[in-house]
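Me: I should like to go through the assignments in this structure one by one, with the criterion behind each. Please set every value against its definition.

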Amino acid sequence: MKLKSEHVMRLAAVIPVIRIDTLEQALPMARALVAGGLPALEVTLRTPVALDAIAMIAREVPDAVVGAGTVRTPAQLDAVVKAGARFAVSPGLTRELASAARAAPIPLLPGVGSASEVMAAMDDGFDRLKLFPATEIGGPRLARALAGPFPEVRFCPTGGIDLASAPSWLALPNILCVGGSWMLPADRVAAGDWATIERLAREAAALRPALK
């Protein structure tokens, strides 16, 4: 049965947005995040090894729910499905991608940044959405404003969110989770300091959304 976007969004209050530069990073990073309480992992398609990293994590980290981020085309969606991704996230939404997503065996969390884009996504059958780039386009005030005309829509804001700002998002009734990379400092990842990554993941996992 096809996994639902809402199930992914409710696995934890934070979905790590992950850039993997070398395959050697993939498994220890995924294991540290999952051990810290963050099972839904969005591996962005921003590096040449991303698809291979998704496949490795899907195969070797059974407690991870690995997904793919920065999915922009039907071809990319097909590729991440073949790699073993269990969900996909896009920065925006086109009619072509929406059509492919409806037929795909995994859910898509499409990105929106305005009321018009929310309406277009809903017309295409999506009401669980990524709000992006969340901080730059208005922050929690925008999400609060969108709750009025779109009471049935739930969001995962991503972009510029950190441990300090996440609670102000999660307090809103239309926010199920947030996406962020703050638990993956570049220097700690480069050093292979997975113990620190796990500690930071545990801090993020301790966040709680409002009851919804």
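Me: What makes the residues of strand 1 buried on both of its faces?

Reply: Val14, Pro16 and Ile18 point one way from strand 1, Ile15 and Val17 point the other way, and all are buried. Buried means under 20% relative accessible area, exposed means over 50%, and partly exposed lies in between, with a 1.4 Å probe and protein chains only. Five of the five residues of strand 1 meet the buried criterion, so the strand is mostly covered. The model is predicted: local features need pLDDT of at least 70, side-chain atom pairs count only at pLDDT 80 or more, and totals for chains, interfaces and linings use all residues. Residues are numbered from 1 along each chain as its sequence is written, and side-chain values use heavy atoms, with hydrogens and water left out.

Me: Why is Pro16 called buried?

Reply: Pro16 has 0% relative accessibility and therefore counts as buried. Pro16 lies in strand 1; helices (H or I, at least four residues) and strands (E, at least two) are DSSP runs, numbered from the N terminus. Leaving out residues up to four places away in sequence, Pro16 touches Leu33, Leu38, Ala40, Leu41, Glu42, Gly180 and Met183, where contact means heavy atoms within 4.5 Å.

Me: How do you know which strands pair with strand 1?

Reply: Two strands pair if DSSP finds at least two bridges between them. Three bridges join strand 1 to strand 9, and two bridges join strand 1 to strand 2. Both pairings therefore satisfy the rule, and both are parallel. Val14 has Val178 as its bridge partner in strand 9, while Val17 stands opposite Glu42 in strand 2.

Me: What makes strand 6 and strand 8 edge strands?

Reply: Three strands form an open sheet in the order 6-7-8, with parallel pairing. Strand 6 (111-112) and strand 8 (154-157) each have a single partner strand, so one side of each is left without a neighbour in the sheet. Strand 7 (residues 128-131) pairs with strand 8 over four bridges, and Leu131 has Pro157 as its bridge partner in strand 8.

Me: How do you know how the span of helix 2 compares with the expected value?

Reply: The expected span of a helix is 1.5 Å times one less than its number of residues. Helix 2 (residues 23-35) has 13 residues and reaches 19 Å from its first C-alpha to its last, close to the 18 Å expected. Helix 2 is followed by Gly37, whose phi is positive, near 105°.

Me: Which elements cover the buried residues of helix 2, and why does Gln25 count among those residues?

Reply: The cover includes strand 1 (14-18), strand 2 (40-44), helix 3 (50-60), helix 9 and helix 10. Gln25 lies in helix 2 and counts as buried because its relative accessibility is 12%. Apart from residues up to four places away in sequence, Gln25 touches Ile20, Val189 and Trp194.

Me: Why is Leu184 called buried although it is found in a loop?

Reply: Leu184 is in the loop between strand 9 (178-180) and helix 9. Its relative accessible area is 11%, so Leu184 is buried. Beyond its neighbours within four places in sequence, Leu184 is in contact with Val17, Ile18, Met29, Leu33, Val189 and Ile197.

Me: What makes Asp193 buried, and what makes its approach to Thr196 a polar contact?

Reply: Asp193 lies in the loop between helix 9 (186-190) and helix 10 (194-205). At 19% relative accessibility, Asp193 counts as buried. A polar contact is a pair of N or O atoms within 3.5 Å; within protein, one must be able to donate a hydrogen and the other to accept it, and residues adjacent in sequence count only if both atoms are side-chain atoms. The side chains of Asp193 and Thr196 make such a contact at 2.6 Å.

Me: How do you know that Lys130 lies over the face of Phe132?

Reply: A charge sits over a ring if NZ of Lys or CZ of Arg is within 6 Å of the ring centre and within 35 degrees of the ring normal. Lys130 lies over the face of Phe132 at 4.5 Å from the ring centre. The peptide bond from Phe132 to Pro133 is cis, with omega near -10°.
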